[in-house]
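Here are a few exercises to work through with the structure on your screen. Try each task yourself before you read the solution.

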Amino acid sequence: LMAGFVIAFTIPVLLLLYTAVALRGDQTALEQARLSTKSLADYAGELYIQGNGSSRTVLVNYPPSLKNISISQHEIAFALELSGNRTDVVAATFARISDAPSNALDSERDPLFTYIGSGVHTVNLTNVNNVVEISYVKR
């Protein structure tokens, strides 16, 4: 009887602990994506103001749940897989931005993204004719 009582209370507590840890991991990934997209958008704005020819190389942290990166004229978006659901984290910038044609961040155009994975990566931003091009720095 006592063992049944202990098991009846232990299993729900363990499930609650597991759920709390999973949610904390999702929150961490979401915050990493927010910081990464915001820093890329801020750097793009800075280079846009500096004018043609300006460039900067930065380190960007990709969370483990990152599935795709897309860049449009004024937005950088990270698509994450969090708790089985797709979540997009988007940062806007006043700068005109694009993928560098030969070395795109977007996985639909560049299979390089598919094996880069999570962690810290080097990204180059360059103002080319008042469009900030964003690309990987291949190692």
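**Exercise 1. The hairpin of β3 and β4**

Task: Find which residue takes a positive phi in the hairpin of β3 and β4.

Solution:
- Step 1. Start with the connection in this predicted model: the hairpin has two residues between the strands β3 and β4.
- Step 2. Look at the backbone there. Ser-83, which lies in the loop between β3 and β4, has a positive phi of about 50° although it is not a glycine.
- Step 3. Now check the surroundings of Ser-83. Exposed means over 50% relative accessible area. Ser-83 has 53% relative accessibility, so it counts as exposed.

**Exercise 2. Pairing along β3**

Task: Work out how many bridges join β3 to β4, and how many pair β2 with β3.

Solution:
- Step 1. Take β3, residues 75–82, together with β4: the two run antiparallel and are joined by eight bridges.
- Step 2. Follow the facing residues. Glu-75 of β3 stands opposite Ala-92 in β4, Phe-78 is opposite Val-89, and Leu-82 is opposite Asn-85.
- Step 3. Turn to β2. Its pairing with β3 is also antiparallel, over five bridges, and a hairpin of three residues connects the two strands.
- Step 4. Return to Phe-78. In β2, Ile-69 stands opposite this residue, while in β4 Val-89 does.

**Exercise 3. The whole sheet**

Task: Put the strands of this open sheet in order, and say why one side of β2 and of β4 is left without a neighbour in the sheet.

Solution:
- Step 1. Write down the order of the three strands: β2-β3-β4, with antiparallel pairing.
- Step 2. Look at the edges. β2 (66–71) and β4 (85–92) each have a single partner strand, so each has one side without a neighbour in the sheet.
- Step 3. Add the twist: ignoring direction, neighbouring strands of this sheet are turned by 20° against each other on average.
- Step 4. Consider how covered β3 is. Buried means under 20% relative accessible area, and six of the eight residues of β3 are buried.

**Exercise 4. Another positive phi**

Task: Decide whether Asn-129 is buried or exposed, and find where it sits.

Solution:
- Step 1. Locate Asn-129 in the loop between β6 (119–128) and β7 (131–136).
- Step 2. Read its phi: the value for Asn-129 is positive, near 55°, in a residue other than glycine.
- Step 3. Apply the cut-off of over 50% for exposed. Asn-129 reaches 58% relative accessibility and therefore counts as exposed.

Key. Residues are numbered from 1 along each chain as its sequence is written. This is a predicted model: local features need pLDDT of at least 70, side-chain atom pairs count only at pLDDT 80 or more; totals for chains, interfaces and linings use all residues. Side-chain values use heavy atoms; hydrogens and water are left out. Two strands pair if DSSP finds at least two bridges between them. Helices (H or I, at least four residues) and strands (E, at least two) are DSSP runs, numbered from the N terminus. Axes are lines fitted to C-alpha atoms, for helices over the stretch in contact, and angles run from 0 to 180 degrees between N-to-C directions. Buried means under 20% relative accessible area, exposed over 50%, partly exposed in between (1.4 Å probe, protein chains only).
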